[in-house]
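These are my notebook entries on one chain. I begin at one end of a helix and then turn to the whole.

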Amino acid sequence: MGKILVIGVACADVVLRIDHLPHTAEDVIAHEQRMTLGGCAFNAFWVMHALGEPAVLFSPIGTGPYGHFVRTSLAKEGITSPIADAEGENGCCFCFVEPGGERTFIAHHGADYRYRREWFDRIDIDEIDYVYVCGLEIEEPSGPYIVDFLERRCAGKTIFFTPGPRPAKVPADLLDRIYDLHPILHLNSSEAQLCADRIAGEEMTVSRGASSILADRTGNTVFVTLGNKGCSYEAGDACGTVPKAPEKRIVDTIGAGDAHIGAVMACLHRGDGIEDAIACANRVCAMVVATEGAHPEAEAVRAAARG
């Protein structure tokens, strides 16, 4: 069995608990502030790592206080990145959490989002069989380097693509090039609708489901998380919905979708069927939303996966 290559950001999440989001010129007091490891790619990687799947975190780590935090925090977990020598300061993500657990992000993208073409030569592609890519990195100026790498060196690899929370910001030509590689897609329902609208137009998506449009375009499986309704999938002639796992409480929703794709990939990589992989991911997701931030203890991930 090969390894999973995770291309994307590991960053510092600055989590602020507030009563409500401020409107213009309003002063709001944060009741709590804490900093933790985050980033869509790291959150997914952490679940794979906790579940024992061999994964490589391919994340730029720069300088400055946030870069230092990321580098030292990863070292405590025994994790390194082949590109821990990025120039410039890392950014961070400010995560505003309201009482119901919903999160709002304001991200500052720094060196952690700036890839260089030559860095991809550091990857031993022969040891890789799964690749994770997120749209947040593709929308950046260095996004074409990632797509070039996928096209040049990832033939025969299973590519998982999560367009991320800003799919409308990903350049259409780069999206088309990724779709042409027949990736497995993982999205929430609003992201799926936006991506399907870009492919077929709003009139077409009224009469056809977003999942069907995306599956036809990529020729591969589509996972769509549905909040309280669980997660649906479309894989060729097979489709279905796996109900969500019971939740004891919702502390915050930071990293829930990232944990879900991380668990799906880990389970499929070890040979589980689609519905079993989704059921496991639903349990892990329920645990993550009951935990502060997006970096739960590894044992908590494993316990949730076991059910």
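I looked up what comes after helix 11 and found Gly307, whose phi is positive, near 85°. Helices here are DSSP runs of H or I with at least four residues, and strands are E runs of at least two, numbered from the N terminus.

The model is predicted, so that local features need pLDDT of at least 70 and side-chain atom pairs count only at pLDDT 80 or more, while totals for chains, interfaces and linings use all residues. Residues are numbered from 1 along each chain as its sequence is written, and side-chain values use heavy atoms, with hydrogens and water left out.

Next I asked which residues of helix 11 (residues 298-306) are buried. They include Ala298, Val301, Ala304 and Ala305; buried means under 20% relative accessible area with a 1.4 Å probe, protein chains only. I then viewed helix 11 down its axis: the buried residues fall within an arc of 125°, so they line one face of the helix. The arc is that of the directions from the helix axis to the C-beta atoms. Their cover includes helix 1 (40-50) and helix 10 (274-289), where contact means heavy atoms within 4.5 Å.

For the whole chain I recorded eleven helices and twelve strands. The radius of gyration is 18 Å, close to the 19 Å from the globule rule for 307 residues, so the chain is as compact as a globular protein of that length. This radius is taken over C-alpha atoms, and the rule is 2.2 Å times the number of residues to the power 0.38. Finally, I noted that 53% of the 307 residues count as buried.

Technical notes
Buried means under 20% relative accessible area, exposed over 50%, partly exposed in between (1.4 Å probe, protein chains only).
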